[in-house]
Amino acid sequence: MKFSQIHHMPYTGIDEAGLGWPISNRRFDGQKAVDLFRTYLEVKAQAEDCGFDEIGSNEHHMSPFGMMPNPNLIGAALIERTRRVRIFQCGNLVPLINPLRIAEEYAMLDVMSGGRVTAGLMRGIPHEYVAYNIPPDESWGRMREAVELILKAWTEPEPFGWEGEHFKFRAVAIWPKPVQIPHPPLVMSGGSQSSARFAAEFRAIMGILRVTDLGQARELIAIYREQARADGWEAGPDRFMVGLPTAVGETFAEAKRVMTEGTRYFFDVLQGGINRAQQIVLRQTKFNAGDRNIRPLDRDQQMKVLPVEERIERGQILCGTPDMIVDQIRRLHAELGHGHMNLIVKIGNMPDDFVSRGMTLLRDHVFPHVRGLGEPAAKSPGQARPQDQAHASS
Amino acid sequence: MTELSFQPGRANLPAGSVDYACAGEGPPLFYLHPAAGFRVTPPVERLARRFRVIAPVVPGFDGTPLLNGIATVAGIADVYAGLIDALAGGRAAVVGQSLGAWVGAWLAIRHAAKVEPLILASPAGLRPPSMPPLSFDPAVMARQLYSHPERRPPETKTPEQLAANRKALAHYGIGTAWDAELDRRLGEIGCLTLVVHGTKDVRVPAEAVRKMRREIPHAHLVYVHDAAHAIESDQPERVGALYEDFLARGEAFVVNAGRAPEVL
């Protein structure tokens with residue numbers, strides 16, 4: 001089992017709930033942000049010392065719940081603070097920005113890190129399309145075309161042009177190219193049936209980044225496996241990454257209290273009216289066309305109001321003492337057969353010293369007991385697997 | 001928009017007579033058809049609104065006779081060179097699709113002064129013998145030719161014509177899809193060249209178009225997203241606009257012309 005650390009770098013200097021969307025940035029305190037960035041970068045980099053395989057940085061726009069509109073800047077900062085751990089960009093929102101810029105920046109990070117980048121190619125969540133003024137109806141079309149263009153930019157040995165529906169370029173030859181051959185391993189979201197099939201088509205690691213319940217996660221994994229078989233290959237555990245909010249404490253009471261308060265703060269304060277923005281997009285557009293009953297609009301509210309014990313039972317979170325976390329990870333693995341976990345270590349306004357201590361507890365008392373889960377005998381951790389990237393030379 | 005109609009013509013050359021279709025007014029442009037024979041695809045129709053498009057029929061295709069002593073693709077190019085002299089004053093833009101691109105490449109090698117510029121779309125002739133041989137089974141071809149089968153044009157040729165065309169293909173040795181001499185001599189193509197390839201084209205390997213981009217001194221390569229081998233039918237708007245832009249602006253086609261490009 002491999003472990004990634006995710007930290008959204010939230011702005012925790014506001015306390016008012018129900019601020020709508022987007023939240024006015026007149027509340028932004030520059031010195032507070034300076035202090036937060038310093039702390040957050042330290043906590044993120046600490047993941048290397050705590051035995052994580054990857055440090056994840058993700059892209060979100062126009063919201064205090066994540067201050068990484070360009071996660072590649074954070075990735076660059078982490079490269080300078082680390083030596084071994086992989087730099088997991090999870091990742092650029094492919095339909096929203098210039099795909100060649102993604103190809104170039106990920107290639108830069110790969111070179112700067114000596115080949116440590118894991119390349120997340122994400123579709124984004126609905127409100128991001130409002131933020132960047134991209135038609136949500138074009139989401140899947142832009143996603144597919146952009147991913148194919150990025151792969152071409154990484155792997156094509158001769159200068160080329162691109163004539164597509166959404167993107168036109170007449171002279172492409174990026175410098176640098178990635179160090180990893182043919183390109184860094186891919187991660188794509190598997191939050192819906194369509195995205196699970198899409199991830200399998202590109203043989204990407206599928207990130208089920210927020211599990212609503214185990215049944216949903218099992219269904220998505222089954223869809224991925226089915227698509228892989230249809231394409232003539234078998235998906236092993238290393239293709240599946242399960243992402244969970246995580247709170248590890250010395251006592252269950254402490255972990256439960258911090259998780260409860262952090263979750264409340266996340267949904268009530270940081271997310272502001274994002275759900276409202278999401279609803280507008282989803283009801284007015286074909287953003288999730290073709291998918292059924294995945295990511296219901298009230299899912300986040302369910303996650304907020306459910307008791308911690310119920311959320312643990314549903315496989316939504318990891319929460320408790322190290323021994324409890326070991327049991328929860330083993331149970332999840334028995335249910336889902338995945339080979340990778342993505343631990344969201346800071347939820348809302350969780351205290352930073354709690355986050356830091358929790359990572360130490362994971363290193364000392366959790367990881368040693370669960371490392372072997374889902375790990376194929378011959379695979380070496382953290383390496384690009386060129387043979388898994390069928391599209392690299394197409 | 002005025003309705004364009006291609007008119008049949010016949011040129012009597014020293015090698016024999018060659019049939020062609022012709023439409024439009026403007027500078028001369030030779031359109032060289034694929035192995036399926038000549039069709040007025042949307043990009044071809046678009047060309048005929050800016051050029052005098054001359055589309056010769058490969059001898060032996062569509063009921064025309066083979067010519068004595070012409071049994072190779074390079075030989076077809078030699079015949080077309082005479083046609084450029086006869087119908088276009090000795091120089092023309094050349095657009096070739098698949099087999100037509102194979103002919104066009106030879107035309108630019110053996111008759112360099114007669115071609116400027118050159119577009120090689122889904123270019124045949126450089127499929128290495130190490131790859132599985134091309135299938136001419138109709139069901140396989142239908143899958144390999146079209147990413148969007150719904151855009152496949154209706155068949156206008158009779159079964160007899162199609163059978164005769166397949167026989168002509170064999171006459172020119174085209175079934176092998178590998179022209180070792182062309183492979184060696186790509187660097188002799190001196191004119192400005194655009195190579196166009198569909199991202200879903202499995203009949204022409206990407207390595208073939210990369211080699212063209214690498215070895216033809218003034219070549220550009222453009223991938224057309226979501227297009228298979230029958231690129232003009234699969235993505236007519238993109239391919240038509242690309243042809244038009246390259247023919248109008250030459251190397252400057254790499255520059256974004258903005259909302260209202262001044263072409264021609």
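This is a chat about helix packing and unusual backbone features in a predicted model.

Me: What should I know about the model and its numbering?
Reply: The model is predicted, so local features need pLDDT of at least 70 and side-chain atom pairs count only at pLDDT 80 or more, while totals for chains, interfaces and linings use all residues. Residues are numbered from 1 along each chain as its sequence is written, chains are lettered from A and ligands numbered from 1 in the order in which they are written, and side-chain values use heavy atoms, with hydrogens and water left out.

Me: At what angle do helix 3 and helix 5 of chain A pack?
Reply: Helix 3 (residues 99–112) and helix 5 (residues 139–155) of chain A pack at about 45°, and their axes are 9 Å apart. Helices here are DSSP runs of H or I with at least four residues, strands are runs of E with at least two, and both are numbered from the N terminus. Axes are lines fitted to C-alpha atoms, for helices over the stretch in contact, and angles run from 0 to 180 degrees between N-to-C directions.

Me: Which residues of the two helices meet?
Reply: From helix 3 of chain A, the residues are A:Pro99, A:Leu100, A:Ile102, A:Ala103, A:Tyr106 and A:Ala107. They meet A:Ala146, A:Leu149, A:Ile150, A:Ala153 and A:Trp154 in helix 5 of chain A, where contact means heavy atoms within 4.5 Å.

Me: Is helix 5 of chain A largely enclosed or not, and why?
Reply: Helix 5 of chain A is largely enclosed by the rest of the structure, because 14 of its 17 residues are buried. Buried means under 20% relative accessible area, exposed over 50%, and partly exposed in between (1.4 Å probe, protein chains only).

Me: Changing topic, where is the cis bond in chain A that involves A:Pro182?
Reply: The cis peptide bond joins A:Ile181 and A:Pro182, with omega about 0°. A:Pro182 is in the loop between strand 6 (168–172) and strand 7 (186–189) of chain A.

Me: And what about B:Pro117?
Reply: The peptide bond from B:Glu116 to B:Pro117 is also cis, with omega near -15°. B:Pro117 lies in strand 6 (residues 115–121) of chain B.

Me: What is phi for A:Met62, and where does the residue sit?
Reply: A:Met62 has a positive phi of about 60° although it is not a glycine. A:Met62 is in the loop between strand 2 (54–57) and helix 2 (71–81) of chain A, and is partly exposed at a relative accessible area of 46%.

Me: Is B:Ser122 buried or exposed?
Reply: B:Ser122 counts as buried, at 0% relative accessibility. Its phi is positive, near 45°.
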